[in-house]
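This report looks at charged side chains and strand pairing in a single protein chain. The sequence and the structure come first, and the discussion follows.

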Amino acid sequence: MGRRALKKLDPDVDLSRHYRTEEQLDRPFDPRTLFSCDAPLEVEIGSGKGLFLCAESARSPQHNFLGIEVSHKFARFAAARSAKHQRPNVMIIDGDAQPLMAETPDACLAAVHVYFPDPWWKKRHRKRRVMNEPMLRHIERTLVPGGLLHFWTDVEEYYRTTLALIAATIQLEGPSKVEETPAQHDLDYRTHFERRMRRSDLPVYRARYQK
């Protein structure tokens, strides 16, 4: 399933507190400096339309949430969603997660979320998958003790090969079982993609690891 067309952004929405491009970031990069208060920091790699960030930041206002989205239009859309719903603890970076995670300091993230990443179906393109060996090592390095990695996909092959790669590459504990909970309303899903899959009665493969 491809992504649906985005609605046009409201030109009156101020993105300045919720959006940065890679070029606007201070170097050396430390994601904690993007927020006005010191709080546990969770990162979503591939934030899409920003549904998870907007919902989870409301459920956990004591945490900060950073989304990294390589698609310019989706990054701006996610930032606009956060601005519209007044989420002061959400920031979106318009950029590539691989180099940004490589720069992120050790032991500074409470959780990393990776939901429905591009599976890069063709075998010759699979080296482009975000869940690769360097990324996994950066996730392990940047998590605090007790920090969590959440990985969900609708592609069983991607799920199984990623879990095998995690077991061979890093020392996180897991995977632990993640139960599918009933949705109470239309936005009670982690991402728009999860909502589409579950409404179509298609499987979602979930894994959670802890450092």
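The model shown here is predicted, and a convenient place to begin is Arg-128, which lies in the loop between strand 5 (109–115) and helix 4 (133–142). With a relative accessibility of 45%, Arg-128 counts as partly exposed, and together with Lys-122, Arg-124 and Lys-127 it gathers in a patch of positive charge on the surface.

**Salt bridges**

A search of the whole structure finds seven salt bridges, among them the three listed below.

| Pair | Distance, N to O |
|---|---|
| Asp-106 and Arg-141 | 2.7 Å |
| Glu-157 and Arg-129 | 2.8 Å |
| Arg-137 and Glu-133 | 3.2 Å |

The side chains of Asp-106 and Arg-141 meet in a salt bridge. This pair links distant parts of the chain, since Asp-106 sits in the loop between helix 3 (97–103) and strand 5, whereas Arg-141 belongs to helix 4, 35 residues apart. Arg-141 counts as partly exposed because its relative accessibility is 25%.

A salt bridge also forms between the side chains of Glu-157 and Arg-129. Glu-157 lies in helix 5 (residues 156–169) and Arg-129 in the loop between strand 5 and helix 4, so the pair ties together parts that are 28 residues apart in sequence. What is the burial state of each partner, buried or partly exposed? Arg-129, at 6% relative accessibility, falls under the 20% limit and therefore counts as buried, while Glu-157, at 29%, counts as partly exposed.

In the pair formed by Arg-137 and Glu-133, whose side chains meet in a salt bridge, the partners are four residues apart in helix 4 and are therefore separated by about one helical turn. Arg-137 is partly exposed, with a relative accessible area of 40%, and Glu-133 is likewise partly exposed, with a relative accessible area of 38%.

**Strand pairing**

Strand 5, which precedes the loop that holds Arg-128, pairs with strand 6 (residues 143–153) in the parallel sense over six bridges. Within this pairing, Leu-109 has Leu-143 in strand 6 as its bridge partner. Which way does strand 6 run relative to strand 8 (residues 205–210), parallel or antiparallel? The two run antiparallel and are joined by six bridges, and Thr-153 stands opposite Tyr-205 in strand 8. For reading side-chain directions along such elements, it helps to recall that in a regular strand the side chains alternate between the two faces of the sheet.

Definitions and conventions: Residues are numbered from 1 along each chain as its sequence is written. This is a predicted model: local features need pLDDT of at least 70, side-chain atom pairs count only at pLDDT 80 or more; totals for chains, interfaces and linings use all residues. Side-chain values use heavy atoms; hydrogens and water are left out. Patches are made of residues with over 30% relative accessible area and no salt bridge: like charges are joined within 9 Å, nonpolar side chains (Val, Leu, Ile, Met, Phe, Trp, Tyr) within 5 Å. Accessible areas come from the Shrake-Rupley method with a 1.4 Å probe; for residues, only the protein chains shown count as cover. A salt bridge is a side-chain nitrogen of Lys or Arg within 4 Å of a carboxyl oxygen of Asp or Glu. Lys and Arg count as positive and Asp and Glu as negative; His and the chain ends are not counted. The place of a charge is taken as NZ of Lys, CZ of Arg, CG of Asp or CD of Glu. Buried means under 20% relative accessible area, exposed over 50%, partly exposed in between (1.4 Å probe, protein chains only). Two strands pair if DSSP finds at least two bridges between them.
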